[in-house]
Amino acid sequence: MNISSVNSSRSLYRNYYQEQQAQRNRQQLASGKKVNSAADNAAALKIIQKMISQSNGYDMGTRNAATSQDMINVADGSLSTVTDSLQRIRELSIQASNTAVYGSDDLESIQQEIDQLKNSISDAANNTQFNRMNILDGSMGTSHVASAPDGSGMDINMPNAVLQSLGIADFDVTKDFDISTIDSAIDKVSSARSSLGATSNRLDYTMNYNSYASYNITASHSRLEDLDYAQAISDMKKNNLLQEYRIMMQKKQQNNFVRMRQMLSFQTSI
C-alpha cells in the first residue's frame, strides 16, 4: 500500500468520525439530552434509567396514596352519618327509658323511628363503595397501599359498620334494652374514624416525602442527561470548522498531487 492510499484511508476515517460527531451534536440539540443512546455514555445511561425508574415509582406511589386517601374520605363521610344515626338512637333510647310518661304504644312509635335509623346505618354499611368495592361491610378487611417505589407500603384496616358488628341488630326499646349497647357502638365507630384519620395523616406524610424524593432524583438524573446547550453549540461549531478545514486541506493536497504528477509527466517527456 502506497503513502497516497494510506493518507486517503486516514482522510476517509477522519471524515466519517467527524460526520458522526456532527450527527451526534444535531441529535443532542434536537432532543435536549446529552445521552440519547448507549454509545453516547453507556455508564451514564444505566444510572439514568435506574433513576428514572425510581422517580416514576415515587410518582406512582404518590398517586396510589392519594387514591387510598380518597377512599378513606369516602369511608369517613359514611361513618359520620352512622354516628349521627347512633346519636339519635341514643336520644330516643333515653326518651324511651322515661316509662313514667311513655306507655307501650309510645315505645312502639319510638322503636319505629329507631328501626328507620338502623336501616339507614345498614344502608351506609352495605352500600358505601369506592371503585365499585364495598368498604364498610367488612368484606374489604385490610387493603395494601403501594406507596413506595418498589411496590411496598402500608396497610389500611377498613372498618365493619354493619348492624351485627356494631351489636345493635336486635336493639329494641319495646323490650329490655341497655343504652350502653348504643354507647359501645358509638365508641366503635369513633375508634374506626380515628384510625382512618391517623392513616390519612400518614398518607399525607408519605405523599410529601415521595414528592420531595422524586424531585431530587429527577434533578439528579437531569444533571446527567440534560444537555448544556451552550457547550453543545460550541462543540458543533468547532466540529464544523474542523470539518471545513479538513475538506480545504484535502482539496489543497489533491491540487498539489495533481501539479506534482503534471511536473513529473513533463520532466519524463523531456
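**Salt bridges, aromatic pairs and the nonpolar core**

Four salt bridges are found when the whole structure is searched. The structure is a predicted model, and the interactions described below are read from its coordinates. Three of these contacts are described here, beginning with those made by Arg88.

Arg88 and Glu91 meet through their side chains in a salt bridge, with an N to O distance of 3.1 Å. Both residues belong to helix H2, where a spacing of three residues separates them by about one helical turn. Arg88 also forms a salt bridge with Glu113, for which the closest N and O atoms are 3.0 Å apart. This second pair links distant parts of the chain, since Glu113 lies in helix H3 and Arg88 in helix H2, 25 residues apart. Arg88, Glu91 and Glu113 are thus linked in a network of salt bridges. The members of the network are partly exposed: Arg88 has a relative accessible area of 32%, Glu91 has a relative accessibility of 47%, and Glu113 has a relative accessible area of 32%.

A further salt bridge joins the side chains of Asp183 and Arg90, at 2.5 Å from N to O. Because Asp183 is located in helix H5 and Arg90 in helix H2, the pair ties together parts of the chain that are 93 residues apart in sequence. Asp183 counts as partly exposed, at 26% relative accessibility, and Arg90 is likewise partly exposed, at 27%.

Two aromatic pairs are present in the structure. In one of them, Tyr58 and Tyr209 adopt an edge-to-face arrangement, with 6.1 Å from centre to centre and 75° between the planes. This pair also links distant parts of the chain: Tyr58 is in helix H2 and Tyr209 in helix H5, 151 residues apart. Tyr58 is buried, with a relative accessible area of 9%, whereas Tyr209 is partly exposed at 48% relative accessibility. In the pair formed by Phe171 and Phe177, the ring centres are 5.7 Å apart and the planes meet at 75°, so this pair too is edge-to-face. Phe171 is buried, its relative accessible area being 6%, while Phe177 is partly exposed at 25% relative accessibility.

The chain contains six helices and four strands. From the N terminus, these elements follow the order α-α-α-β-β-β-β-α-α-α. Of the contacts in the chain with a separation of 6 or more, 72% are between residues 24 or more positions apart. Buried residues account for 32% of the 270 residues in the chain. The exposed area of the chain is about 16700 Å², of which carbon and sulfur atoms supply 50%.

The largest nonpolar core comprises 39 residues, and those with the most contacts inside it are Leu86, Ile121, Ile156, Met158 and Ile168. Two or more residues are given to this core by each of helix H2 (42-96), helix H3 (104-127), strand E4 (154-157), helix H4 and helix H5 (179-225). Helix H2 gives the most, with ten residues. In soluble globular proteins, nonpolar side chains tend to be buried together.

The surroundings of Ile156 were examined further. When neighbours within four places in sequence are left aside, Ile156 is in contact with Ser68, Met71, Ile72, Gly141, Thr142, Ser143, Val145, Leu196, Thr199 and Leu203. Among these contacts, Ser68, Met71 and Ile72 fall within the range of helix H2 (42-96). Leu196, Thr199 and Leu203 fall within that of helix H5 (179-225).

Confidence in the model varies along the chain. The mean pLDDT of the chain is 81, and 67% of the residues score at least 70. Among the elements, helix H1 (residues 3-31) has the lowest mean pLDDT, 54, and helix H4 (residues 163-166) the highest, 96. Over residues 1-8 the pLDDT stays under 50, and the model has one contact beyond four places in sequence for this segment. Where pLDDT is low, the predicted coordinates should not be read in detail.

Definitions and conventions:
Residues are numbered from 1 along each chain as its sequence is written. This is a predicted model: local features need pLDDT of at least 70, side-chain atom pairs count only at pLDDT 80 or more; totals for chains, interfaces and linings use all residues. Side-chain values use heavy atoms; hydrogens and water are left out. pLDDT is the predictor's confidence in each residue, from 0 to 100. Contact means heavy atoms within 4.5 Å. A nonpolar core is a set of buried Ala, Val, Leu, Ile, Met, Phe, Trp, Tyr and Cys residues joined through side-chain atoms within 4.5 Å. Buried means under 20% relative accessible area, exposed over 50%, partly exposed in between (1.4 Å probe, protein chains only). Rings of Phe, Tyr and Trp (its six-membered ring) pair if their centres lie within 6.5 Å; planes under 30 degrees apart count as stacked, over 60 as edge-to-face and the rest as tilted. Accessible areas come from the Shrake-Rupley method with a 1.4 Å probe; for residues, only the protein chains shown count as cover.
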